[in-house]
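Got a minute for a quick tour of a model? Have the viewer open and follow along.

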Amino acid sequence: MSNRLMPANFVRWSALCLLACALLAPAASAQAPAIAPAQAVTAEHGMVVAQEAIAARIGVETLQKGGNAVDAAVATGFAMAVTYPRAGNIGGGGFMVIHRAGGEDITIDYRETAPAAINAKSFLDAQGNADPQKSRNSALAIGVPGTVAGLALAEEKYGSGKFTLAQLMAPAIALARDGFTLADDTADALPHDWPKLQRWPSSVKVFGKADGTPLAEGDKLVQPDLAETLAAIAKDGPRAFYQGPVADKIAAAVQAAGGVMTADDLKNYHAVERVPIRGTYRGYHIVSMPPPSSGGIALVEMLNILEGYDLAHEPRAQELYLMTEAMKRAYADRAWFLGDPDVVKIPIPRLTSKGYAAEWRASINPAHATAADDIRAGGEVREEGHNTTHFSIIDQFGNAVANTYTLNFSFGVGLVADGAGILLNNELDDFAAKANSPNAYGLLGDEANAPGPGKRPLSSMTPTIVLKDGKPFLITGSPGGSLIINAVLQVVTNVIDRGMDIASAVSAPRVHNQWKPDIVFAETGIADDIVATLQARGDTVMVRPLPTSANSILSTPAGFIGAADPRTRGALAAGY
Ligand code: DON
């Protein structure tokens with residue numbers, strides 16, 4: 001199998017990843033200072049930790065009015081589509097993991113789908129090579145947005161019933177209609193992403209000043225068209241987005257920009273409830289996102305491998321070394337097996353089993369790193385067949401929500417659908433445009449993740465709830481493309497193995513390996529002895545920023561403790 005998965009061209013990967021990383025954290029550089037400590041915030045009844053403060057407070061107010069975690073997630077999710085336009089969205093998609101007080105675990109897949117006219121060759125150039133211009137920067141990259149369907153489904157089935165959708169959307173509508181003052185993070189991001197947005201007058205109209213330059217910190221962002229679209233959804237439900245004038249405007253905008261989405265593609269979109277990925281780790285229960293996210297499977301696979309080591313008593317450097325070895329193996333499996341579960345058969349029970357992990361563990365040498373090329377993706381499995389944003393919420397009733405959603409790049413493809421005010425994604429770059437050609441995050445894939453009509457591209461988003469004695473213990477997730485799964489892994493192990501408080505668990509410098517390229521990335525600020533140990537084991541190590549933002553909540557006897565990830569400015573942990 002490894003012959004079919006060729007090494008990534010690292011130079012290209014590095015440039016692309018730096019691009020992707022710069023999108024998430026424009027101010028970051030290789031000389032970035034070590035990560036500031038996260039601030040822990042304690043609350044007795046309920047808590048929201050989100051990347052944007054206005055939306056986080058709207059979530060908390062919903063909880064204070066007696067809403068449950070799903071109500072708060074819906075209010076926060078729609079609000080962030082207004083207040084955090086680089087990643088909060090109704091023009092993209094995502095995943096929601098819910099734990100209900102009664103014990104039920106739910107996952108909602110509202111990932112974008114490829115329009116019916118997309119096929120395996122859609123993102124190739126005339127020579128048959130992957131063409132990143134097409135999959136990242138053109139309107140062909142736009143997937144059918146899933147967020148409205150996902151949030152509406154969550155509310156209808158799992159909301160408290162105390163609020164109408166219109167009531168939960170009212171703050172978002174008011175913010176879009178009346179405007180709000182741009183804060184640092186969006187204002188920092190806009191000049192960086194301006195060349196992309198500037199390609200379309202409809203985008204300049206929303207995010208630019210009269211002289212055509214981007215809005216700056218302190219300016220007011222008013223989005224009247226978006227307010228109208230949100231009001232239509234509030235009144236008539238998701239039908240107002242997927243059919244009729246709004247859908248027509250989206251399809252017209254995409255087609256005018258050279259894309260292939262039709263009104264029928266929108267009409268055919270459905271959010272899907274899927275069976276959660278479950279695992280256990282040292283007595284805790286892991287509930288995470290199944291395909292089309294790779295997150296849950298890879299997370300459980302890595303935890304299963306690591307459970308065989310006494311990590312708590314390993315020196316930190318050795319602990320992180322063992323972790324990178326687990327990462328290589330799980331990401332190799334990701335590249336080989338995973339894709340849209342409605343189209344490809346994925347051996348989920350096997351990949352998430354303790355036995356499979358034991359086989360992988362047996363291939364790990366505690367003193368010598370395995371080269372990526374020596375890892376046969378798939379092990380012994382038989383054919384049995386910055387931009388994204390994460391928020392975590394817990395309520396007074398025992399419900400919890402982990403939600404990650406995205407436009408892919410910061411401000412997506414940069415196109416606002418004229419008249420509808422909706423910023424559109426470039427999610428279809430998450431397909432493997434061609435086998436062995438890396439996507440923007442350097443991730444490889446094969447046929448399982450080939451582009452195809454109606455397909456959902458494979459994701460790394462990993463909204464996760466860890467249960468202790470059947471109750472929410474840790475709620476976490478992150479943006480960061482390929483970095484996401486490993487960020488979540490390290491928050492979980494920092495808490496469970498190292499006994500760290502949530503603020504330390506979130507801010508501790510991390511390591512990252514994704515199989516190919518065959519490099520361990522160590523986050524700026526990591527201790528020198530860790531880098532030295534990884535090098536001594538034979539790994540090539542690069543120290544650099546790893547832009548993620550794992551906004552997390554830990555339930556403790558002293559209350560809910562939230563930590564907004566200090567790596568990205570603007571996040572807030574708030575509770576009552
Ligand atoms: O679904 C995925 O895996 C990616 N589209 C997520 C992109 C992301 O996290 C961007 N943030 N850096």
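What follows is a short briefing on the fold, the packing and the ligand site.

Keep in mind that this is a predicted model. The protein chain has 19 helices and 21 strands, and its C-alpha trace spans about 60 × 60 × 45 Å along the principal axes. Of the 576 residues in the chain, 65% are buried.

**The open sheet**

- Start with the sheet of 7 strands: it is open, its pairing is antiparallel, and the order reads β1-β20-β19-β15-β14-β9-β8.
- The two edges belong to β1 (40-43) and β8 (277-281); each has a single partner strand, so one side of each is left without a neighbour in the sheet.
- Going from one strand to the next, the twist averages 25 degrees.
- Helix α13, residues 295-307, packs on this sheet, where it touches β8, β9 (284-288) and β14 (464-468). The direction of α13 makes about 20 degrees with that of β8.

**Walking through the strands, from β14 to β20**

- β14 and β15 run antiparallel and are joined by 5 bridges. One pair to look up is L467 with its bridge partner P472 in β15.
- These two strands, β14 and β15, make a hairpin with 2 residues between them. D469 sits in that turn and has a positive phi of about 50 degrees.
- How much of β15 is buried? In this strand (residues 471-476), 5 of the 6 residues are buried, so β15 is largely enclosed by the rest of the structure.
- Next along, β15 and β19 are antiparallel too, with 2 bridges between them. L474 has L554 in β19 as its bridge partner, and I475 has I553.
- β19 is also largely enclosed by the rest of the structure, because 4 of its 5 residues are buried.
- From β19 (residues 552-556), 5 bridges lead to β20 (residues 559-563), again in an antiparallel arrangement. The link between β19 and β20 is a hairpin through 2 residues.
- At the turn end of that pairing, T556 stands opposite G559 in β20. I553, which partners I475 on the β15 side, has G562 as its bridge partner in β20.

**Nonpolar cores**

- A bit of background: in soluble globular proteins, nonpolar side chains tend to be buried together.
- The largest nonpolar core here counts 92 residues. The ones with the most contacts inside this core are L306, V466, L474, L489, V495, I502 and W515.
- Which helix gives this core its largest share? That's α14 (residues 316-337), with 13 residues.
- For a closer look, pick L489: beyond its neighbours within four places in sequence, L489 is in contact with L299, M302, L303, L306, M323 and M327.
- A second core, separate from this one, has 88 residues, among them V82, F180, L190 and F391.

**The ligand site**

- There are 16 residues around the ligand, and T388, E427, D430, S459 and S460 come nearest.
- On the nitrogen side, a nitrogen atom of the ligand lies 2.7 Å from an N or O atom in the side chain of E427.
- For the ligand's oxygens, one contact is with R111, where an N or O atom in the side chain is 2.9 Å from a ligand oxygen atom.
- G480 uses its backbone instead: a polar backbone atom of G480 is 3.0 Å from an oxygen atom of the ligand.

**A closer look at T389**

- T389 lies in strand β10 (residues 388-394).
- Is T389 buried or exposed? The cut-off for buried is under 20% relative accessible area, and T389 counts as buried because its relative accessibility is 1%.
- What does T389 touch, leaving out residues up to four places away in sequence? The list runs Q51, M80, Y84, A87, G88, N403, T404, Y405 and P479.

Note on methods:
Residues numbered from 1 in each chain as written. Predicted model: local features only at pLDDT ≥ 70, side-chain atom pairs only at ≥ 80, totals over all residues. Heavy atoms only, no water. Pairing = 2+ DSSP bridges. Axes fitted to C-alpha atoms, helices over the stretch in contact; angles between N-to-C directions. Contact = heavy atoms within 4.5 Å. Core = buried A, V, L, I, M, F, W, Y, C linked by side-chain atoms within 4.5 Å. Buried < 20%, exposed > 50% of the residue type's maximum accessible area, 1.4 Å probe, protein only. Near = heavy atom within 4 Å. Polar contact = N/O pair within 3.5 Å; in protein donor to acceptor, adjacent residues only side chain to side chain.
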